[in-house]
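Colleague: I would like to go through this model with you, one question at a time. Please give the reasoning before each value or name.

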Amino acid sequence: MTDTSDDIPGIGQYDDFHTIDWQRDIARDRMRHRYIVKKRQDSFWDLLKGAHDAWSGWVCVLLVGLFTGCVAGVIDIGASWMTDLKFGICPQAFWLNREQCCWSSNETSFDSGNCSQWYAWSEIFTSSREGFGAYVISYFFYIMWAMLFALLAASLVRMFAPYACGSGIPEIKTILSGFIIRSYLGKWTLIIKSVGIMLSVSAGLSLGKEGPMVHIASCIGNILSYLFPKYGRNEAKKREILSAAAAAGVSVAFGAPIGGVLFSLEEVSYYFPLKTLWRSFFCALIAAFILRSINPFGNEHSVLFYVEYNKPWIFFELVPFIGLGIIGGFIATFFIKANLWWCRFRKYSKLGQYPVTEVLIVTFITAVIAYPNPYTRMNTSELIYLLFSQCGISNQDPLCDYNRNFTDVNSAIEIAAAGPGVHKAVWLLILALAMKLVMTIFTFGMKVPCGLFIPSLALGAITGRVVGIGMEQLAYNYPKIWIFSGECSTGDDCITPGLYAMVGAAAVLGGVTRMTVSLVVIMFELTGGVRYIVPLMAAAMASKWVGDALGRQGIYDAHIALNGYPFLDSKDEFQHTTLAADVMQPKRNETLAVITQDSMTVDDIETLLKETEHNGYPVVVSKENQYLVGFVLRRDLNLALANARRIIDGITGQSLVIFTSAQPVQNLGPSPLKLKKILDMAPITVTDQTPMETVVDMFRKLGLRQTLVTHNGRLLGVITKKDVLRHVKQMDNEDPNTVLFN
């Protein structure tokens with residue numbers, strides 16, 4: 001009698017583009033844990049092993065936090081230096097960006113970031129900053145550097161890591177729901193994504209580095225989980241580390257650790273037990289702490305857009321805030337529909353075959369349109385900061401060209417009429433809004449790393465600032481009307497346009513991603529404006545309602561559907577009255593591929609594996625008597641047969657394959673092969689009359705890969721996750737063939 005060894009290499013792993021079986025993986029982890037606890041008493045070494053096993057989860061997320069913070073610091077520093085390189089250079093020390101270059105000079109004030117140490121490209125070539133010639137040279141260098149950065153980013157992605165393109169959040173979401181995409185979170189993807197995001201942000205494209213930060217952090221989490229076999233070898237356990245890593249990614253992208261944890265919980269994670277919540281909290285904390293100590297922005301705030309004002313808002317202002325929420329919902333819906341249309345066009349047309357050319361064309365058009373308008377020429381993060389900030393004495397921007405005379409630095413800012421600079425700025429901002437909206441539609445989904453948070457915030461901030469200036473002028477011209485409830489009659493500035501920009505930014509971002517709780521927390525952590533939670537909540541809610549009314553999916557879910565990933569959304573309801581018998585394979589008149597428990601030879605099973613494509617096979621008592629014994633996976637069968645032929649003597653094509661522990665009757669043929677070890681004796685089953693509503697719920701909540709359908713105890717068929725997804729699509733009158741993977 002021969003028995004396969006317990007440790008056939010590769011058993012319990014999964015193939016690429018397959019769904020994991022959460023129940024099986026968690027059960028395997030519990031068995032491993034029980035074994036370690038039992039061995040603990042044996043020796044001091046086993047006690048140490050047990051302790052290491054207990055704390056390895058915390059050590060792993062600690063390392064993920066450390067590395068994520070460091071990588072984010074490098075990316076921030078690199079991106080800000082390369083962005084400034086488009087405008088000029090610091091001849092004393094070329095590795096300094098404009099701000100650092102001007103620190104080293106002793107001049108206390110320098111207008112719009114130009115000090116004597118910093119040379120614009122026009123100065124180097126024509127030794128003047130002003131004039132037509134200087135403008136042309138600056139324009140030329142701006143376009144040239146942008147094209148160079150974009151070419152580098154697109155070529156790196158194309159040559160070394162095709163998975164490094166895009167935002168990465170739709171794929172992370174799919175992976176966390178229990179899907180395997182090999183090398184999506186690998187070391188090459190990590191390196192190219194980190195370098196590529198610096199390049200594509202510096203190219204001035206309409207994209208942000210916040211979404212890719214989540215992908216980068218998840219890559220770090222995946223790579224480090226292999227140091228701890230408990231997580232590296234168990235896909236369901238690895239998902240716990242990846243959830244924590246996603247939280248760290250948002251934490252370093254915005255300097256918002258609590259927002260990061262909530263983002264992981266609300267937006268990306270599928271299975272989020274309390275233990276994972278604490279670990280995510282710890283991981284986000286460590287990452288934010290490391291980034292704070294690197295201090296890439298060189299200021300005392302770790303938040304991205306710190307706002308100084310804390311004026312109370314008037315109760316009536318809730319009306320324009322909710323209005324901004326509604327506008328944000330409309331902008332977001334238009335963006336999602338247009339972007340999906342373009343991505344679909346790219347996917348099914350010739351354009352998809354020339355990714356680098358497409359990137360270069362979009363970069364060229366963006367650079368040519370962006371340079372003449374100062375609000376699109378500047379870095380998007382700077383633009384958002386400018387729109388969020390309040391007009392004070394030090395602000396030289398045309399946005400702050402009010403007819404004011406500042407007599408005392410500490411006196412309250414008086415409300416004043418808008419000067420010509422403000423009118424001009426508003427028109428430029430409206431042009432910037434149109435340009436950003438159109439360019440982001442064409443940019444998101446290109447083959448460079450690109451995030452969506454910053455462009456969405458910019459679209460909303462521009463809208464909000466324009467509305468805010470309108471409200472401010474209304475209060476200036478009619479301070480006595482009842483809506484301002486006497487707040488504006490004192491002559492102080494009672495309306496803060498920067499607050500409207502904040503609320504608008506939250507509205508558009510909420511409409512695009514459909515976040516609610518995490519969005520509000522990220523927004524007030526981002527700006528430090530805790531006073532404004534209620535306006536932010538009102539706008540986020542209004543924009544989500546408008547978005548949900550006009551189109552069901554946020555941008556990430558829409559991209560998941562576009563790529564055909566097998567993602568069963570736990571937020572959706574299944575409202576149809578079908579039964580398991582309607583969905584199972586095979587249909588009533590076809591035959592089901594099964595394995596019998598003790599009457600098939602090695603050759604029979606190998607023929608079955610060749611002729612069918614299924615991921616697993618039910619094991620039954622006999623062909624006539626289809627009572628269920630268990631379920632065996634195709635991958636495990638292949639491995640076990642190959643292993644047996646290699647290691648065990650006397651196994652031939654005529655050997656019986658036995659899935660029971662009973663001793664077979666001794667016959668004169670070759671010795672049988674026992675494979676009970678790889679048989680799942682407790683597969684999840686339903687009857688043919690189970691409503692599909694229950695079946696869909698089981699797939700969602702238990703993370704199943706397949707379930708077997710029986711009738712009076714006899715096996716009828718199998719329902720896989722793919723069958724469920726196709727059935728859901730069919731019932732919603734969509735094309736079921738868009739679900740591509742298993």
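Colleague: Is W188 buried, partly exposed or exposed?

Modeller: This is a predicted model, and the class follows from the computed relative accessible area. For W188 that area is 47%. Buried would need a value under 20% and exposed one over 50%, so W188 is partly exposed.

Colleague: And what is the relative accessible area of F160?

Modeller: F160 also falls between the two cut-offs, under 20% for buried and over 50% for exposed. It is classed as partly exposed. Its relative accessible area is 42%.

Colleague: How many aromatic pairs are there, and how are the rings of F160 and W188 arranged?

Modeller: The count comes to 28 aromatic pairs. In the pair of F160 and W188 the ring centres are 5.5 Å apart and the planes are at 10°. Planes under 30 degrees apart count as stacked, so the pair of F160 and W188 is stacked.

Colleague: How many residues apart in sequence are the parts that F160 and W188 tie together?

Modeller: F160 belongs to helix α5, residues 132-160. W188 belongs to helix α7, residues 187-202. The pair therefore ties together parts whose separation in sequence is 28 residues.

Colleague: Are F321 and Y500 stacked, tilted or edge-to-face?

Modeller: The ring centres of F321 and Y500 are 5.1 Å apart, with the planes at 50°. Stacked needs an angle under 30 degrees and edge-to-face one over 60, so the pair of F321 and Y500 is tilted.

Colleague: Which helices does that pair tie together, and are F321 and Y500 buried or exposed?

Modeller: F321 lies in helix α13 (residues 318-348) and Y500 in helix α19 (residues 497-513), parts that are 179 residues apart in sequence. The relative accessible area of F321 is 0%, and that of Y500 is 0%. F321 is thus buried, and Y500 is buried.

Colleague: At what distance from the ring centre of Y371 is the charged end of R377?

Modeller: Two cases can be set side by side. R279 lies over the face of W58, at 5.6 Å from the ring centre. R377 has its charged end over the ring of Y371, and the distance to the centre is 4.2 Å.

Colleague: How many disulfides are there, and what is the handedness of the one between C90 and C101?

Modeller: Two disulfides are counted. In one of them the sulfur atoms of C90 and C101 are 2.1 Å apart. With 80° about the S-S bond, the link of C90 and C101 is right-handed.

Colleague: And what is the handedness of the disulfide of C391 and C400?

Modeller: C391 and C400 are joined with an S to S distance of 2.1 Å. Both C391 and C400 are buried. The torsion about their S-S bond is about -80°, so this disulfide is left-handed.

Colleague: Why is C219 not bonded to C165?

Modeller: A disulfide needs the two sulfur atoms within 2.5 Å. C219 is buried, at 1% relative accessibility. The closest cysteine sulfur to that of C219 is in C165, and it is too far for a bond because the distance is 12 Å.

Colleague: How many of the residues of helix α22 are buried?

Modeller: The buried residues of α22 include I555, Y556, H559 and L562. Their cover includes α6, α11, α13, α18 and α19. Helix α22 has nine residues (555-563) and is largely enclosed by the rest of the structure, because the number buried is seven.

Colleague: Which helix gives the most to the largest nonpolar core?

Modeller: The largest nonpolar core has 183 residues, and F254, F335, L457 and M523 are among those with the most contacts inside it. The helix that gives the most to this core contributes 13 residues, and it is α5.

Colleague: How many residues does the second, separate core have?

Modeller: This core is separate from the largest one, and its members include V629, I651, L673 and I678. Its number of residues is 24.

Colleague: What distance separates the centres of domain 2 and domain 3?

Modeller: Domain 2 covers 315-403 and 414-563, and domain 3 covers 580-732. Taken over C-alpha atoms, the centres of domain 2 and domain 3 are separated by 54 Å.

Conventions
Residues are numbered from 1 along each chain as its sequence is written. This is a predicted model: local features need pLDDT of at least 70, side-chain atom pairs count only at pLDDT 80 or more; totals for chains, interfaces and linings use all residues. Side-chain values use heavy atoms; hydrogens and water are left out. Buried means under 20% relative accessible area, exposed over 50%, partly exposed in between (1.4 Å probe, protein chains only). Rings of Phe, Tyr and Trp (its six-membered ring) pair if their centres lie within 6.5 Å; planes under 30 degrees apart count as stacked, over 60 as edge-to-face and the rest as tilted. Helices (H or I, at least four residues) and strands (E, at least two) are DSSP runs, numbered from the N terminus. A charge sits over a ring if NZ of Lys or CZ of Arg is within 6 Å of the ring centre and within 35 degrees of the ring normal. Domain bounds come from an automatic or database domain assignment. Contact means heavy atoms within 4.5 Å. A nonpolar core is a set of buried Ala, Val, Leu, Ile, Met, Phe, Trp, Tyr and Cys residues joined through side-chain atoms within 4.5 Å.
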